[in-house]
Amino acid sequence: MTDLTLYRNIGIFAHVDAGKTTTTERILKLTGKIHKIGEVHDGAATTDFMDQEQERGITIQSAATTAFWKDHRMNIIDTPGHVDFTIEVYRSLKVLDGGVGVFCGSGGVEPQSETNWRYANESKVARIIFVNKLDRMGADFYRVVKQVEDVLAARPVVMTLPIGIEDDFVGMVDVLTRKAWVWDSSGDPMKYEIQDVPADMVDKVEEYRVAMIETALEMDDDLLEKYLEGEEPTEDQIKACLRKGTREIAFFPTFCGSAFKNKGVQLVLDGVVDYLPNPLEVNPQPEVDLEGEPTGEFAIVDPDRPFRALAFKIMDDRYGALTFTRIYSGKLNKGDTVLNTFTGKTERIGRMVEMHADSREEIDSCQAGDIVAFVGLKNVQTGHTLADQKNPATLEPMVFPDPVISIAIAPKDKAGAEKMGIAIGKMVQEDPSFRVETDEDSGETIIKGMGELHLDIKVDILRRTHGVDVEVGKPQVAYRETITKSIEDSYTHKKQTGGSGQFAKIDYMIEPAEKGEGFVFESKVTGGNVPREFWPAIDKGFASSMVEGVLAGFPCLDVKVTLLDGGFHAVDSSAIAYEIAAKAAYRASLPKAGPQLIEPIMKVDVFTPDDHVGDVIGDLNRRRGMISGQDAGPTGVRVKGTCPLSEMFGYIGDLRTMTSGRGQFSMEFDHYAPCPANVAEAVIAETKERKANK
């Protein structure tokens with residue numbers, strides 16, 4: 001039986017270019033997982049295995065790997081840093097017990113670090129901090145520590161101090177043991193000496209050591225009392241207090257180094273082992289019922305309890321679909337059958353593998369605390385719970401943000417249409433923040449995502465990975481039409497062609513309906529002037545006409561038609577005659593009822609640092625936005641309001657420019673509202689031109 005206290009499930013997360021993937025590479029080298037170190041800038045990093053990742057030098061999807069350090073098993077997930085892929089960070093944090101937040105020694109606390117930190121706070125994940133790239137020009141360890149306090153409103157506990165900086169960075173002093181780790185210039189991570197603290201750093205080390213001990217002992221009143229009376233705690237007692245405070249997210253042990261130059265990664269690994277929680281020490285996952293309400297039960301990490309696991313990522317590769325799964329309780333053997341509580345269907349576990357980036361090792365069993373991948377599961381999606389058939393339960397599911405941008409795509413030839421459908425189906429399964437739908441009006445395939453880079457990568461994957469050549473259109477807004485006036489009118493349909501003819505006469509009123517009512521039909525005819533059996537035909541004639549408005553052909557909303565009177569002919573009147581009369585009446589009368597173009601208005605929630613609030617509000621006002629409120633938080637301000645969708649295309653790029661890349665926003669549909677005259681005229685003219693050209 002594996003000892004779960006020796007497990008660490010950790011994620012490595014940070015802003016773009018802070019050195020997450022390089023840090024992961026060094027960890028794998030030091031733990032003996034790989035023998036040749038791959039570099040991100042050469043496109044050879046182990047965990048960046050997609051073509052798009054290697055070309056752009058960024059991480060797009062989180063990669064999982066397993067390594068061992070000092071008898072401890074580490075399941076490590078290297079996550080992306082770019083804002084368009086925060087979904088990968090979010091879902092990784094959901095299943096991890098601890099994290100390493102990497103900050104660039106010169107860049108400091110950057111915007112995406114703030115977002116990831118916020119996600120980690122929401123997920124209540126314990127973290128240690130690694131200030132990386134201290135060999136870079138402009139690196140300043142103490143400035144970054146101050147930023148962690150000011151920008152993230154967090155409490156760093158400094159565990160190591162750098163010896164030298166930039167080109168002179170040679171190692172660091174371990175504040176707890178008062179020992180200096182100094183590397184030679186060979187670049188070999190194993191070529192270091194443990195020396196005494198340099199003479200010019202003795203006072204600084206003592207100052208930080210006192211601060212570290214005082215912070216740690218806040219976790220134990222008895223030890224703090226003895227310390228204040230002059231009794232120094234032992235190293236093990238300090239470590240135990242640091243571990244408790246880290247687990248409770250009271251503070252964050254902070255290390256320094258340069259992953260690229262192989263300096264300081266051993267101390268980070270020691271920090272993971274010493275201070276981050278094992279699976280038994282983390283708050284257990286709450287279980288919910290089918291409606292998503294908490295049941296009061298928890299999936300306690302214990303191999304002897306009923307099986308519970310959460311699928312947190314689907315990945316399609318050359319071996320078939322891989323379902324990355326975190327096992328919370330119980331054990332599972334190859335060939336066992338489990339229940340997917342979301343679909344109610346059972347799945348047989350044919351193969352399970354331990355992942356090492358894109359290579360894998362087959363395993364026969366797994367247990368609570370493990371992160372493994374199942375091969376070939378058919379109906380499991382991200383966020384689904386796999387459970388014991390006899391003891392089913394659902395774990396709290398993941399909530400994903402709605403996409404903020406959409407574009408139309410079409411295959412270049414007929415042969416590509418079927419391939420595109422299959423490829424997009426796989427991509428939607430892999431990435432819950434990527435959605436697809438077919439536009440009812442134009443029949444186009446619309447893809448939606450978290451940002452322009454997100455969709456750019458998706459189109460690239462379609463072209464290269466799936467071999468589908470697609471044309472990409474510009475974003476379209478779903479305008480609608482309505483009316484503003486009430487009118488009474490009459491229409492007679494007569495057709496005489498010898499034999500029986502067609503006759504239908506209707507008197508009606510057309511008026512605006514209540515917002516959101518759509519189309520409403522009512523009849524007030526008395527005395528049989530229009531027999532009751534023909535009313536549904538009149539209703540159908542008007543209703544079917546509403547799909548095309550009279551201004552620019554957009555669907556017409558919120559119209560009420562009341563049948564007041566009419567006439568009929570005993571021989572020539574029929575249902576079809578009344579339906580034709582209603583359609584003609586719509587075309588004849590609607591232009592008199594004050595038709596108006598209406599546009600979708602979005603509810604917008606913008607996050608910005610304090611010093612850019614004025615710019616953001618000014619920009620939203622220029623986009624015809626209405627600000628409804630501001631909420632100040634520790635790391636910035638959330639500006640809430642509404643804004644027309646047509647003004648929001650390309651907004652994410654403008655927002656990032658305005659806020660030095662630190663702004664973020666989400667939006668969702670709120671309501672339709674009238675377009676200003678100048679906007680309406682331009683849209684009507686453009687639509688007519690597009691139709692004429694088709």
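1. Burial and overall make-up. In this predicted model, buried residues account for 54% of the 694 residues in the chain. The accessible surface of the chain is about 30400 Å², and carbon and sulfur atoms hold 49% of that area. The secondary structure consists of 16 helices and 37 strands. Among contacts between residues at least 6 apart in sequence, 72% join residues at least 24 apart.

2. The largest nonpolar core. In soluble globular proteins, nonpolar side chains tend to be buried together. Here the largest nonpolar core has 67 residues, and Val100, Met212 and Leu242 are those with the most contacts inside it. Helix 9 (residues 265–275) gives the most to this core, namely 7 residues. Once neighbours within four places in sequence are set aside, the contacts of Val100 are Ile10, Gly11, Ile12, Phe13, Ile128, Phe130, Val268 and Val272. Apart from the largest core lies another core, of 27 residues, which includes Val477, Leu645, Leu655 and Phe665.

3. Helix 6. Helix 6 covers residues 202–217, and its 16 residues should span 22 Å at 1.5 Å a residue; the end C-alpha atoms are 22 Å apart, so the two values agree. Its buried residues are Val205, Arg209, Met212, Ile213, Thr215, Ala216 and Leu217. One of these, Met212, is also among the residues with the most contacts inside the largest nonpolar core. The cover over the buried residues of helix 6 includes three strands and two helices: strand 6 (156–158), strand 7 (160–163), strand 8 (171–174), helix 7 (221–228) and helix 8 (235–247).

4. Helix 13. The same check can be made for helix 13 (residues 575–589): at 1.5 Å a residue its 15 residues should span 21 Å, and its end C-alpha atoms are 21 Å apart, which agrees. The buried residues of this helix are Ala577, Tyr578, Glu579, Ala581, Ala582, Ala584, Ala585, Tyr586 and Ser589. They pack against strand 30 (487–495), strand 31 (502–512), helix 12 (535–545) and strand 33 (559–567).

5. Aromatic pairs. The count of aromatic pairs comes to 10, with ring centres required to lie within 6.5 Å. Trp181 and Tyr192 form a stacked pair, with 4.9 Å centre to centre and 20° between the planes. Trp181 belongs to strand 9 (residues 179–183) and Tyr192 to strand 10 (residues 192–195), so this pair ties together parts that are 11 residues apart in sequence. Trp181 has 11% relative accessibility and therefore counts as buried. Tyr192, at 27% relative accessibility, counts as partly exposed.

6. A stacked pair involving helix 13. Phe534 and Tyr578 are also a stacked aromatic pair, at 4.9 Å centre to centre and 25° between the planes. Phe534 lies in the loop between strand 32 (519–523) and helix 12, while Tyr578 lies in helix 13, so the pair ties together parts that are 44 residues apart in sequence. Phe534 is buried, with a relative accessible area of 10%. Tyr578 counts as buried at 0% relative accessibility.

7. Ring cluster and charges over rings. Phe103, Trp117 and Phe252 are linked into a cluster by ring pairs. The charged end of Lys204 sits over the ring of Tyr142, at 4.1 Å from the ring centre. For Lys458, the charged end sits over the ring of Phe434, 5.3 Å from its centre.

8. Leu322. Leu322 is in strand 15 (residues 320–329). With 0% relative accessibility, Leu322 counts as buried, the cut-off being under 20%. Leu322 and Leu377 are 55 residues apart along the chain, and their C-alpha atoms are separated by 7.5 Å.

9. Asn340. This residue is in strand 17 (residues 337–340). Asn340 is buried, with a relative accessible area of 0%. Leaving aside neighbours within four places in sequence, the residues in contact with Asn340 are Lys345, Asn379, Val380, His384, Thr385 and Leu386. The C-alpha atoms of Asn340 and Asp388 are separated by 9.0 Å, with their positions 48 residues apart along the chain taken as the separation.

Notes:
Residues are numbered from 1 along each chain as its sequence is written. This is a predicted model: local features need pLDDT of at least 70, side-chain atom pairs count only at pLDDT 80 or more; totals for chains, interfaces and linings use all residues. Side-chain values use heavy atoms; hydrogens and water are left out. Helices (H or I, at least four residues) and strands (E, at least two) are DSSP runs, numbered from the N terminus. The expected span of a helix is 1.5 Å times one less than its number of residues. Buried means under 20% relative accessible area, exposed over 50%, partly exposed in between (1.4 Å probe, protein chains only). Contact means heavy atoms within 4.5 Å. Rings of Phe, Tyr and Trp (its six-membered ring) pair if their centres lie within 6.5 Å; planes under 30 degrees apart count as stacked, over 60 as edge-to-face and the rest as tilted. A charge sits over a ring if NZ of Lys or CZ of Arg is within 6 Å of the ring centre and within 35 degrees of the ring normal. Accessible areas come from the Shrake-Rupley method with a 1.4 Å probe; for residues, only the protein chains shown count as cover. A nonpolar core is a set of buried Ala, Val, Leu, Ile, Met, Phe, Trp, Tyr and Cys residues joined through side-chain atoms within 4.5 Å.
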